[in-house]
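Visitor: I'd like to learn how to read a structure like this one, feature by feature. Could you walk me through it?

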There are 2 protein chains.
Amino acid sequence: MVKLSDKMNNIKKDNTEQKIMDAAHTVFLKKGMDGARMQEIANEAGINKALLHYYFRTKQKLFEAIFKQIFKDSFPIIRKTLLSDIPIREKMDLFIDSYINLLSKNPFLPAFLLKEIHRDPEFFANVIKGSGINPSEILAMLEKEMGKGNIRKMNPCDLITNIIALSVFPFAAKPLLSIMLFNGDQKAYKIFLQERRETVKEFIFNAIFLK
Amino acid sequence: MVKLSDKMNNIKKDNTEQKIMDAAHTVFLKKGMDGARMQEIANEAGINKALLHYYFRTKQKLFEAIFKQIFKDSFPIIRKTLLSDIPIREKMDLFIDSYINLLSKNPFLPAFLLKEIHRDPEFFANVIKGSGINPSEILAMLEKEMGKGNIRKMNPCDLITNIIALSVFPFAAKPLLSIMLFNGDQKAYKIFLQERRETVKEFIFNAIFLK
DNA sequence: CTTACTTTTAACCAGTTGGTTAAACTATAT
DNA sequence: ATATAGTTTAACCAACTGGTTAAAAGTAAG
């Protein structure tokens, strides 16, 4: 039996596989599962279309690989800040910052996620359940803070929903808002988004801290 | 020259055209432009596929018709309450109510709009510009209220964005939130959404009214 | 160099999709 | 009744799409 040269094979494989992953990431995020074309991904990766199928048998499998990777890359960062041992005000500050940072770097992410969780909710549910994400610990943390009287008492589900909504929505609805609020001026909208780093915090803090 | 029997022709035409519009509405909202199939719309309408093309030459034209209609039906209701002559607190109360009512009746609307404005932002921009929607009057109204000291001073663009975000996001992200917060329990999520009618208002009022 | 194996490619295929065509049907006006 | 116009249908088509195949090119080991 012939042994493989692990080094050579893996370098090559990793290169192509990574090229495909990168290309698929780009195309899927822009066009979504339905709108993306295998040929376009192949072009983006600078390879033959058949090679896609050689590495990821089907479009579905390629899509799942990208989807899961996005999920794995994005969520842990956020969870970490939320469960650290710092005062609630700083914690929220950091949380919102890291959330907005993530979205600034991945502007297509919100729309992509919203699109795909509607297209195939079951698959999405499985990804979450298999990823060990557990929001209940975050909800518990919020309830504890309310019990201590640090923040106004409310349904913690509402609070977490509101924070995410205020952070995510302006990115998800960018084309709509940039037209309606700034007549399509992209630069003005970018400034608006950056300023929201602070104004969103103010808004939330006013809503939840007792005075 | 032969005259038409307007009555007969229009009744027939209206019937079929309406059947097509209804069917297209259903299918497009669920699947989006990319995911929708002309055959599926024809089936849903109970007619031949060729008849779709007879009434709306292309898929694109049919889609545009539906899209514009959705837009025309949805926005004026909201604008009306916002520009009426009642105290700001009641006004916001009504605004949020009518917004959430609209979304409760059209749960697919937010995800659909977000999907499509990303797919073809230019077409979307044209629809808005051609629809006479003018957010500047709403922004002006908010600024006036701030000037009178009725609500906390802030960027009115932020305020309107926040209100819409808090109202829309839970509907847009339903599959995500219902899994993460309620382990996929749809009924619990519906109750959550209904309760938000009040909790969202509290949250916003706490954020913007001085105490 | 030969062998065994993996990676890459060009050509191809079957199913689907948006869209067309020509004929059949319906209803009115003369 | 029949001519005229709009309406509806079945059959068809060209383009595209995801996926396959078989052969070529590359690579490490004996």
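Visitor: Let's start with the interface. How much area do chain B and chain A bury between them?

Guide: The general idea: the size of an interface is often given as the accessible area lost when the parts come together. Keep in mind that this is a predicted model. Here chain B and chain A bury about 4,500 Å² between them, and 77% of that is on carbon and sulfur atoms.

Visitor: And how many residues are in contact?

Guide: On chain B, 50 residues are in contact with 50 residues of chain A.

Visitor: What about polar features across the interface?

Guide: Between chain B and chain A there are two salt bridges. In one of them, B:R196 pairs with A:D158, with the closest N and O atoms 2.7 Å apart. As for polar contacts between the two chains, the count is six residue pairs, both residues being at pLDDT 80 or more.

Visitor: Which helices of chain B supply the side that touches chain A?

Guide: At least two residues each come from α1 (6-35), α6 (109-119), α7 (121-130), α8 (135-147), α9 (156-172), α10 (174-182) and α11 (186-208) of chain B. The largest share is that of α9(B), with 14 residues. Sort the residues on this side of chain B by type and you get 36 nonpolar, seven polar and seven charged.

Visitor: Now symmetry. What rotation superposes chain B on chain A?

Guide: As background, two copies of a chain are related by a rotation about an axis and a shift along it. In this model, a rotation of 180° with 0.0 Å of shift along the axis puts chain B on chain A, at an RMSD of 0.1 Å. That is the relation of a two-fold axis.

Visitor: Which residue of chain B comes closest to the rotation axis?

Guide: That would be B:A207, whose C-alpha is 2.0 Å from the axis.

Visitor: Do the copies use matching surfaces, or how should I put it?

Guide: Look at the overlap: 100% of the interface residues of chain B are also interface residues in chain A, so the copies meet through the same surface.

Visitor: Let's turn to salt bridges in general. How many are there over all chains?

Guide: The idea is that side chains of opposite charge can pair when their charged atoms come close. A search of the whole structure finds 16 salt bridges over all chains. Take A:R197 and A:D97, where the closest N and O atoms are 3.6 Å apart. A:R197 sits in helix α11 (residues 186-208) of chain A and A:D97 in helix α5 (residues 88-105) of chain A, so this pair ties together parts 100 residues apart in sequence. A:R197 counts as buried, at 16% relative accessibility.

Visitor: How far apart along helix α11 of chain A are A:E198 and A:K201?

Guide: They are three residues apart in that helix, which means a separation of about one helical turn. A:E198 and A:K201 form a salt bridge too, the closest N and O atoms being 3.5 Å apart. For burial, under 20% relative accessible area is buried and over 50% is exposed. A:K201 is therefore buried at 3%, while A:E198 is partly exposed at 46%.

Visitor: Which residues are linked with these in a network of salt bridges?

Guide: The network consists of A:D93, A:D97, A:R197, A:E198 and A:K201.

Visitor: Can you show me a pair within chain B as well?

Guide: Sure: B:E137 forms a salt bridge with B:R79, with 2.6 Å between the closest N and O atoms. This pair links distant parts of the chain, B:E137 in helix α8 and B:R79 in helix α4 (residues 59-83) of chain B, 58 residues apart. B:E137 is partly exposed at 26% relative accessible area, and B:R79 is partly exposed at 38%.

Visitor: Is B:A24 buried or exposed?

Guide: B:A24, in helix α1 of chain B, counts as buried at 0% relative accessibility. Leaving aside neighbours within four places in sequence, B:A24 is in contact with B:L29, B:I41, B:L62 and B:I66.

Visitor: Last one: how many helices and strands does chain A have?

Guide: Chain A comes to eleven helices and zero strands. Its C-alpha trace spans about 75 × 50 × 30 Å along the principal axes. Of the 211 residues of chain A, 49% count as buried. Among contacts in chain A between residues at least 6 apart in sequence, 65% join residues at least 24 apart.

How values were computed:
Residues are numbered from 1 along each chain as its sequence is written. Chains are lettered from A and ligands numbered from 1 in the order in which they are written. This is a predicted model: local features need pLDDT of at least 70, side-chain atom pairs count only at pLDDT 80 or more; totals for chains, interfaces and linings use all residues. Side-chain values use heavy atoms; hydrogens and water are left out. Contact means heavy atoms within 4.5 Å. Buried area is the accessible area (1.4 Å probe) that two parts lose on being put together, summed over both. A salt bridge is a side-chain nitrogen of Lys or Arg within 4 Å of a carboxyl oxygen of Asp or Glu. A polar contact is a pair of N or O atoms within 3.5 Å; within protein, one must be able to donate a hydrogen and the other to accept it, and residues adjacent in sequence count only if both atoms are side-chain atoms. Helices (H or I, at least four residues) and strands (E, at least two) are DSSP runs, numbered from the N terminus. Ala, Val, Leu, Ile, Met, Phe, Trp, Tyr, Cys and Pro count as nonpolar, Asp, Glu, Lys and Arg as charged, and the others, Gly among them, as polar. Copies are superposed by least squares on the C-alpha atoms of residues with pLDDT of at least 70 in both. Buried means under 20% relative accessible area, exposed over 50%, partly exposed in between (1.4 Å probe, protein chains only).
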